[in-house]
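Please open the model in your viewer and keep the sequence panel beside it. The tour below goes from one selection to the next and says what is to be found at each stop.

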Amino acid sequence: MNWFKHIFSGDHSPPESPAPVTKVENREPRRQPTIAADNPIASESDDALNRTTMAHSFADQIQAIDARNGLVVGVLGPWGSGKTSFVNLARRNLEDAGIAVLDFNPWMFSGADQLVQAFFVELTAQLKLRPDFAEIGGLIEDYGEAFSGLGWLPFVGPWIERGHKATGILAKLLQSKKEGAGQRRAKVTRALTDIPAPIVVVLDDIDRLTTPEIRDVFKLVRLTANFPNIVYLLAFDRVRVEQALGEQGIPGRDYLEKILQIGVDLPAVPFDVLNSQIFTGIDGALVGIEKPGDFDSNVWPDVFIPPYS
């Protein structure tokens, strides 16, 4: 690592010429260095921030609160603070307790109508994969069709051309419209009331959406938040979302307080922990280089200014 130290030491004199290298025949191919991707963790063994206990406590809170009228909880923190990793740690605890955890990614959809429709379709698909919730999935599917009205009508023409079966699908849609969303919702409510444990629906990375999309997501949550035994777990940057929700003189924080029943604000990653992870990552990336030496942490203060200073 002498070349690295020389670059950042402030000494601009030419570095010493390296000693001649003796050519070695039949050398094994050099292994390419690998760099770990900055992905969220999925297991407790990878928890370098010691947040497992905190995540378990959060999961215990979710289980302890009465969700018979629905529940909305939040994991809040700035970008890069480990929100998804924290949710994954809490997820393990919830699943071990027999609670179904579903995911909905709002990134793939734009516009309030498409978002609502996609939400019910995705929720239905994931519930139908679980034998204990297949019936509830069908009821939610029916409710979503009634709520969405006949938004799928542009596709009806090609269906009808395919014959009688497509006509039956159209008849079902028309019947749903006639029956109305109210009765469908009542059926879903009765079915959800009887389940032994709540269903957790995770919406992550909300802060990466545009301002209109963030507002649409929270409108969706408000629309469906009072379903019994449905717990929404939202992960987002508080500052970003409060800015998006604030309008006409109404602070976004006040809006959030009316939606969230539980909120945990993740602390910033300590600088010494961040420092250690960076050094470990660099050392790991240099494994394939012959005799690189350990990355010298003494160089670090001279070339890096902490973001929190």
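Buried here means under 20% relative accessible area, exposed means over 50%, and partly exposed lies in between, computed with a 1.4 Å probe on protein chains only. Helices (H or I, at least four residues) and strands (E, at least two) are DSSP runs, numbered from the N terminus. The model is a predicted one, in which local features need pLDDT of at least 70 and side-chain atom pairs count only at pLDDT 80 or more, while totals for chains, interfaces and linings use all residues. Residues are numbered from 1 along each chain as its sequence is written, and side-chain values use heavy atoms, with hydrogens and water left out.

**The whole chain.** Begin with everything displayed: the protein has 13 helices and five strands, and buried residues account for 40% of its 309 residues. Contact means heavy atoms within 4.5 Å; among contacts between residues at least 6 apart in sequence, 76% join residues at least 24 apart.

**The sheet.** Next select the five strands, which form an open sheet in the order β2-β3-β4-β1-β5 with parallel pairing, where two strands pair if DSSP finds at least two bridges between them. β2 (100-103) and β5 stand at the edges with a single partner strand each, so one side of each has no neighbour in the sheet. Neighbouring strands of this sheet are turned by 20° against each other on average, direction ignored; the axes are lines fitted to C-alpha atoms, for helices over the stretch in contact, and angles run from 0 to 180 degrees between N-to-C directions.

**Strand β5 and its partner.** Select residues 262-265, which make up β5, and show the side chains. In a regular strand the side chains alternate between the two faces of the sheet. Which residues of β5 are buried, and which are not? I262 and V264 point to one face and are buried, whereas G263 and D265 point to the other and are not. Adding β1 (residues 71-76) shows the parallel partner, joined to β5 by four bridges, with G74 standing opposite G263.

**Strands β3 and β4, with the helix across them.** Move to β3 (residues 199-203), which runs parallel to β4 and is joined to β4 by five bridges; I199 stands opposite I230 in β4. Then bring in helix α9 (residues 211-224), which lies across β1, β3 and β4 and runs at about 165° to β4.

**Two buried residues.** Select A100, which lies in strand β2 and is buried, with a relative accessible area of 4%. Beyond residues up to four places away in sequence, A100 touches R130, F133, P198, I199 and V200. A100 and A197 are 97 residues apart in sequence, yet 8.1 Å apart in space, C-alpha to C-alpha. Now select N229, in the loop between α9 and β4, which is also buried, at a relative accessible area of 9%. Leaving aside neighbours within four places in sequence, N229 is in contact with A67, R68, G70, L192, T193, I195, P198 and I199.

**A cavity to finish.** On a 1 Å grid over the protein atoms alone, a cavity is a set of points where a 1.4 Å probe fits but cannot get out, and lining residues have an atom within 4 Å of a point. Grid points are joined across faces, edges and corners, and a volume is the space filled by probe spheres set on the points. Two cavities of 30 Å³ or more are counted, and the second largest has a volume of about 40 Å³. Select its lining: F120, L123, I140, V188, F227, I230 and Y232. α4 (112-128) and β4 (230-236) each supply at least two residues of this lining.

Terms used
On a 1 Å grid over the protein atoms alone, a cavity is a set of points where a 1.4 Å probe fits but cannot get out, and a pocket is an open set with protein on both sides within 12 Å along at least five of seven lines; lining residues have an atom within 4 Å of a point.
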